[in-house]
Amino acid sequence: MKKNLSVFFALLLALSFVTADICMAEEDEENEEAELDIDADGSPDTGDDEDETTYFDDYVSAGGYLAGVIEYIEKNYVGGDVDIEKLIEVAVNAMVSSLDDYSEYYTTDEYESFLKGVSNEVYATGFAFIITEDYPQISELIEQSPAQRAGLLAGDKITVINGESTLYKSYSEVDAMLTEVETPEYSFTILRNSKTFDISFNLEATKINTVFHKEMDELFAVDSTTDWDEIAYIQITVIGNGTAQEFSDAVAWARRKGMDKLILDLRGNSGGIVEEAVEICKQIIPEGRIMYTQDKTGNIEETFSDLKKTPFKEIAVLTNSMTASAAEIITSTVKESEIGFSVGTKTYGKGVVQTIASLPSLGMLKLTTLEYFTRNGNVINGVGIEPDIEISTMYLVSENDEVESEKMKDIYRYLGYKVESDGDAKRALATFQTKTGIPATVKLDTETVNSLNLALYARSVEHDDALERAFTELLKIN
C-alpha cells in the first residue's frame with residue numbers, strides 16, 4: 001500500500017516544486033485573515049475545540065495537497081477497502097480530462113488499444129457472413145485468408161464462437177464477437193450438411209487502406225466532350241501509419257494516367273499523425289514552409305517542403321465540418337501555397353498537437369503540448385478553415401420561410417429552376433407544385449414544405465455538389 005502511495009508522490013513531485021512558492025505566498029496572506037472550518041455537525045467552527053485537527057496544513061503545494069487527500073482517505077475511510085492505485089488513476093484521469101477535449105490518460109491496456117487504432121491494422125477472419133433464421137452463415141471467403149486455409153466454406157453456419165453460442169444473435173452482436181476479442185486465437189463450431197465440427201485458427205493482421213483513388217467517370221456521368229481524364233480523385237479517410245506512402249502510390253497512379261489536376265477529398269477525415277500529414281504535403285506543396293508548432297515556452301519548430309516541381313498544377317480540396325487536425329494542415333497548406341483551393345464547408349478547427357508521456361507504474365499520458373500554425377502563420381485551433389467555395393450541405397424549408405427570400409431563391413436554383421427575380425421565384429414554386437401534384441397556391445403550406453424537403457433530400461443524395469463544383473472549377477484551369 002505504501003509503495004503505491006509513493007508512486008503517486010513521485011508523479012506529483014514536479015507539480016509540487018512548480019507550485020510551492022505560489023501556494024506558500026498565498027498561505028501567508030490567508031493566515032492574516034480569520035478562517036472558518038466546518039465541525040462534524042456541519043456548523044462553522046469558532047476555534048473553541050482544543051483537539052481540532054488541521055490535517056492538511058502541512059500540504060502547501062498542489063501536488064502535496066493531493067497526496068495528502070490520498071493519505072487521509074487511506075487512513076480514515078471506513079466504507080470498504082481502499083484501492084490506492086485505483087484512486088491514483090481516477091485522480092490523474094480527472095485532472096487530464098478537465099484540460100481539453102484531446103488530453104487523455106490511458107492505462108497500459110488502453111494505450112495498446114490506442115496504438116492499434118493508429119496502426120491501420122486489424123485482425124481479420126477473412127470471411128463475410130449473413131444472418132439467417134438461426135445462426136450466422138458464411139457468405140464469402142477471401143482467397144488465402146486464415147478461414148479459407150482452415151477449411152471453411154461458403155454456406156457453413158457458425159454455431160459457436162470462442163465458446164459462446166451465436167443462436168439468434170444480430171449481425172452487430174456476431175460482428176462484435178469476431179472483432180472485440182483481445183486474442184487473435186479463435187475457435188468455431190461449424191454446422192455443415194447437418195453435421196457439426198470444431199475448427200480453430202489464428203486471425204492475421206490485415207492492413208486497412210486509408211487512401212483511395214478513382215477516375216472521374218467512376219464518380220458521376222461525364223459527357224464525351226469533357227476532358228475529365230486530366231483530373232484525378234484521391235480520398236484520404238484518416239491519416240495513420242503508412243498513409244503518406246499510400247498517398248505517394250496514388251499520386252504515381254495519377255501521373256501515369258497523365259492527370260495533372262487533383263481533387264483531394266478530406267471530408268470526414270478527423271486527422272491522425274501530424275508527421276504523416278507533413279510527408280503528404282512534401283509530395284504536393286511547392287518549396288517553402290508547410291507549418292510550424294509552438295510550445296508553452298514559445299519555442300518554434302518549422303517544417304518545410306523542398307519540392308521544386310509539383311505533380312499537379314491545381315488542387316481542389318473537399319472539406320466539411322469533420323475535416324480536422326492533421327487534415328487541416330494539408331488543407332491550409334494547399335490554400336496558402338496557392339497551389340489550390342478548398343470547396344465545401346468550414347473545417348473543425350483542431351490546431352493542437354498531443355504528445356505521449358509515460359507515467360511509471362501507472363500508464364500513459366496524452367497531453368496537449370503544442371499549437372500549430374499554418375504556412376502563413378494563421379491560427380486553426382477553435383477557428384477552422386473557411387472554404388474558398390462554400391457549398392451548403394443540406395437545405396431545409398419551413399412554413400416560416402418567405403416565398404421570395406434569398407434562401408428560397410437558392411433552393412429553387414438548387415432544384416434546377418432558373419431564378420433571377422422575385423417573379424421568377426413565384427413561378428418556380430408554382431411550377432414545382434404543379435409537377436408534384438400540389439395545388440399551385442404559391443404558398444409554403446405544410447404539403448408544399450414536405451414535398452420540397454423530400455425533393456431536396458433526393459437531390460442531395462443523387463448529387464455530390466462539392467465534388468461536382470470542384471470538378472467544374474478545375475476544368476477552367478488551363
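# Close-up views of a predicted model

Lysine 426 is partly exposed, with 42% of relative accessible area. This residue opens the set of views below, which show a predicted model.

**View 1. A salt bridge joins lysine 426 and glutamate 404.** The two side chains meet at 3.9 Å, N to O. Lysine 426 belongs to helix α11 (residues 422-435), whereas glutamate 404 sits in the loop between β21 and α10 (406-414), so the contact ties together parts that are 22 residues apart in sequence. Glutamate 404, like its partner, is partly exposed; the relative accessible area of glutamate 404 is 28%. Side chains of opposite charge can pair in this way when their charged atoms come close. The pair belongs to a structure in which a complete search finds 23 salt bridges.

**View 2. Arginine 413 and aspartate 410 form a salt bridge.** The closest N and O atoms of arginine 413 and aspartate 410 are 2.9 Å apart. Both residues lie in helix α10; because they are three residues apart there, about one helical turn separates them. Arginine 413 is partly exposed, at 35% relative accessibility. Aspartate 410 is also partly exposed, and its relative accessible area is 33%.

**View 3. Glutamate 473 and lysine 476 are joined by a salt bridge.** In this pair the closest N and O atoms are 3.1 Å apart. The two partners differ in their cover: glutamate 473 is buried, with a relative accessible area of 16%, whereas lysine 476 is exposed, at 54% relative accessibility.

**View 4. Glu133, Asp134 and Lys157 share a network of salt bridges.** Here three residues are linked. Two of them, Glu133 and Asp134, count as negative, and Lys157 counts as positive.

**View 5. A patch of negative charge gathers on the surface.** The patch contains Asp217, Glu218, Asp227 and Asp229. Aspartate 229 is placed in the loop between strands β12 (211-215) and β13 (231-236). With a relative accessibility of 44%, aspartate 229 counts as partly exposed.

**View 6. Six strands form an open sheet.** The strand order is β12-β13-β14-β17-β18-β21, and the pairing is mixed. At the edges stand β12 and β21 (389-390); each has a single partner strand, so one side of each is left without a neighbour in the sheet. Strands of a sheet pair through backbone hydrogen bonds, either parallel or antiparallel. At the β21 edge, two bridges join this strand to β18 (residues 340-344), and the two run parallel. Glycine 344 has glutamate 390 of β21 as its bridge partner.

**View 7. Strand β17 pairs with β14 and with β18.** Strand β14 (residues 261-265) is joined to β17 by five bridges, and these strands run parallel. Leucine 264 has valine 317 of β17 as its bridge partner. Five bridges likewise connect β17 to β18, again in parallel. In that pairing, isoleucine 315 is partnered with glycine 340 of β18.

**View 8. Strand β17 is covered on both faces.** Strand β17 spans residues 314-319, and six of its six residues are buried. On one side lie Glu314, Ala316 and Leu318, and on the other Ile315, Val317 and Thr319; all of these are buried. Among them, Val317 is the bridge partner of leucine 264.

**View 9. Tyrosine 168 has a positive phi.** The phi angle of tyrosine 168 is near 65°, a positive value in a residue other than glycine. Tyrosine 168 is found in the loop between β8 (164-165) and α6 (171-179). With a relative accessible area of 63%, tyrosine 168 is exposed.

**View 10. Glutamate 338 also has a positive phi.** Although glutamate 338 is not a glycine, its phi is about 60°. This residue lies in the loop between α9 (326-336) and β18. At 70% relative accessibility, glutamate 338 counts as exposed.

Definitions and conventions. Residues numbered from 1 in each chain as written. Predicted model: local features only at pLDDT ≥ 70, side-chain atom pairs only at ≥ 80, totals over all residues. Heavy atoms only, no water. Patch = residues over 30% accessible without salt bridge, like charges linked within 9 Å, V, L, I, M, F, W, Y side chains within 5 Å. Areas by Shrake-Rupley, 256 points an atom, 1.4 Å probe, with all protein chains shown as cover. Salt bridge = Lys/Arg side-chain N within 4 Å of Asp/Glu carboxyl O. Charge placed at Lys NZ, Arg CZ, Asp CG, Glu CD. Helix = DSSP H or I, 4+ residues; strand = E, 2+ residues; numbered from the N terminus. Buried < 20%, exposed > 50% of the residue type's maximum accessible area, 1.4 Å probe, protein only. Pairing = 2+ DSSP bridges.
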